[in-house]
Amino acid sequence: WRGREGAPYSTLVPSDEVTINYRHGLPVITLMLPTRSERCQFTVKPVVTTVGAFLKDVQREDKGIERAEVFATDGSKVSDATLMEVLLMNDFKLVINNTAYSVSPPVKGKLSSEHATELEDIKSLVHRLFVALHLEDHQIRKERELLQKLDHLKGELLPLEQMKARIMDSADAKTSRLLWVGLALMSTQGGALAWLTWWVYSWDIMEPVTYFITYGSAMAFYAYFVLTKQDYIYPHAKDRQFLHYFYRKSKKQHFNVERYNKLKDDLAEAEESLRRLRQPLHLRLPIQEISDKD
């Protein structure tokens with residue numbers, strides 16, 4: 001066996017002196033260091049590591065190595081810029097000082113079937129590492145975005161909240177006045193019936209009158225049910241009248257109820273997203289806490 005420029009090598013070592021095995025999907029080259037007389041393993045990344053980088057790692061491990069080269073089986077020298085992935089596709093000769101090692105990489109087809117599971121594990125590990133390294137920054141950016149959105153929504157809601165408070169106070173006052181007016185009318189009616197019964201007429205005359213008043217009240221309650229599809233229950237009737245005054249006042253004040261409700265829904269959604277974002281169990285990662293802006 002002759003190397004470059006026909007220079008003979010003193011020793012041609014069998015292939016079992018330099019072995020290539022795959023561990024976790026990466027090739028591990030095991031060889032004997034000449035001056036240290038010990039076996040050393042070199043794990044390479046085939047798609048990024050070049051032949052020159054691998055030889056430099058070997059020389060760096062054993063300072064007594066003066067010459068390290070790689071040759072193809074036909075005797076041609078392999079360029080240092082060649083990727084290890086290309087080199088490991090075929091047999092080659094590894095020359096260290098004056099010793100040539102015959103190397104036979106594992107068959108690619110056999111390799112893919114044997115290490116498919118390990119490659120999948122590597123992909124899963126890389127994915128988990130990516131998540132661990134980048135998810136925290138992503139969560140912090142997302143938190144800042146949500147805080148800015150909350151500030152914007154609160155700024156838009158502030159004047160609407162003030163206007164809504166004034167409209168609600170006005171509607172509540174009108175509803176209360178209506179209730180008091182109803183109580184006053186009922187008291188006046190009771191007093192008038194009592195006066196007509198005991199001082200003006202007798203019960204024989206007033207009994208039909210009270211009957212028709214009661215029947216008329218029943219008709220009014222039934223008409224309420226027909227119009228509203230609800231029973232006449234005092235709290236419900238009060239709330240209905242309050243809403244009537246509220247929407248009428250909102251129209252006069254140009255208060256956009258739909259826009260207000262939309263902003264409130266967006267604010268609640270943003271707050272819920274921020275709450276879930278800050279849950280350590282939901283994140284599965286400790287993230288830096290960002291203080292709320294005043």
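In which sense do β2 and strand β3 pair, and over how many bridges? They pair in the antiparallel sense, over five bridges. This is a predicted model: local features need pLDDT of at least 70, side-chain atom pairs count only at pLDDT 80 or more, and totals for chains, interfaces and linings use all residues. Residues are numbered from 1 along each chain as its sequence is written, and side-chain values use heavy atoms, with hydrogens and water left out.

**View 1. The β2–β3 hairpin.** β2 covers residues 19-23 and β3 residues 26-33. Strands (E, at least two residues) and helices (H or I, at least four) are DSSP runs, numbered from the N terminus. Two strands pair if DSSP finds at least two bridges between them. Arg 23 has Leu 26 as its bridge partner in β3. Two residues lie between the strands. In the turn, His 24 has a positive phi of about 55 degrees.

**View 2. The two faces of β2.** Side chains alternate along the strand. Ile 20 and Tyr 22 point to one face and are buried (under 20% relative accessible area, 1.4 Å probe, protein chains only; exposed is over 50%, partly exposed in between). Thr 19, Asn 21 and Arg 23 point to the other face and are not buried.

**View 3. Helix α5.** This helix covers residues 203-228. Its 26 residues should span 38 Å at 1.5 Å a residue (1.5 Å times one less than the number of residues). The end C-alpha atoms are 37 Å apart, which agrees. Met 206, Thr 210, Tyr 224 and Thr 228 are its buried residues. Just after α5, Lys 229 takes a positive phi of about 60 degrees.
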